[in-house]
Amino acid sequence: KHLLFLLLFASLCGMAQQPAKKMDFPYIRNQFNVNMAVMKVNGAMYLNHNDGLRNLCPSLDVEYGLNDWLEVGASFTDRFDSYGIMNLFYSAANAKAHLLPAVISPSFSVVDVYATAQLGAMTCFIDSPDIPNRVYFTWGANLGAAFNFTRHFGLFYEFGYINDEHFKANHRFGLNIRF
């Protein structure tokens with residue numbers, strides 16, 4: 001939380017000192033954004049095996065910018081048990097609202113603060129003939145910050161919550177690519 005507030009404060013101070021420039025290209029509007037991430041899960045997965053790398057999940061978001069502050073797309077996260085017993089696959093429709101373009105212009109800045117919401121399904125595959133696979137409804141929300149070192153590449157961090165017994169609170173961090 002402290003890092004997120006520090007990034008927000010630093011970006012607002014930097015914007016106050018420099019006049020906004022007109023950009024010849026859109027940054028969010030009509031652009032695709034791909035987030036490749038690792039999610040650190042704080043849920044109750046693995047029945048008391050809450051250690052290290054077992055709680056890291058690969059994650060991918062693909063989003064399209066509808067305007068200068070809103071992106072919509074799809075999110076995918078794969079969670080597998082290293083013992084080969086269980087695989088959870090989370091897929092969702094998501095929306096990302098960039099908060100800084102609401103108060104400043106242009107839509108691109110080195111520091112980006114945003115909120116996301118997801119609505120989707122969790123599919124649980126269990127390698128056992130006695131336990132049926134299941135699919136159930138999930139929703140989630142994240143608050144994130146990105147550091148865009150170029151117009152096309154940046155690093156991001158998100159803190160979020162998913163209403164699932166296996167995921168719950170989570171941290172995502174990774175690379176975003178915009179084209």
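**Close-up views of a predicted model**

**View 1. F32 lies in strand β1.** The model shown here is predicted. F32 has a relative accessibility of 37%. It counts as partly exposed, because that value falls between the 20% limit for buried and the 50% limit for exposed.

**View 2. F32 belongs to a nonpolar patch on the surface.** Its partners in the patch are M36, L60, V62, F76, F89, F125 and F179. Together, the patch residues have about 670 Å² of accessible area. Two strands each supply at least two residues of the patch: β1 (32-41) and β2 (56-65).

**View 3. Eight residues make up the largest nonpolar core.** They are L88, Y90, A92, M122, C124, I126, Y136 and I162. Strands β4 (86-98) and β5 (111-126) each give two or more residues to this core.

**View 4. Y90, a member of the core, has contacts from other parts of the sequence.** Neighbours within four places in sequence are left aside here. Y90 then touches S75, F76 and T77. Y90 is also in contact with Q118, A121 and M122. T138 and I162 complete the list. Of these contacts, M122 and I162 also appear in the core.

**View 5. The whole chain has one helix and eight strands.** The helix comes before the strands, in the pattern α-β-β-β-β-β-β-β-β. The chain has 179 residues, and 40% of them are buried. Among contacts with a separation of 6 or more, 58% join residues 24 or more positions apart. The chain exposes about 9800 Å². Carbon and sulfur atoms supply 69% of that area.

Notes: Residues numbered from 1 in each chain as written. Predicted model: local features only at pLDDT ≥ 70, side-chain atom pairs only at ≥ 80, totals over all residues. Heavy atoms only, no water. Helix = DSSP H or I, 4+ residues; strand = E, 2+ residues; numbered from the N terminus. Buried < 20%, exposed > 50% of the residue type's maximum accessible area, 1.4 Å probe, protein only. Contact = heavy atoms within 4.5 Å. Areas by Shrake-Rupley, 256 points an atom, 1.4 Å probe, with all protein chains shown as cover. Core = buried A, V, L, I, M, F, W, Y, C linked by side-chain atoms within 4.5 Å. Patch = residues over 30% accessible without salt bridge, like charges linked within 9 Å, V, L, I, M, F, W, Y side chains within 5 Å. Salt bridge = Lys/Arg side-chain N within 4 Å of Asp/Glu carboxyl O.
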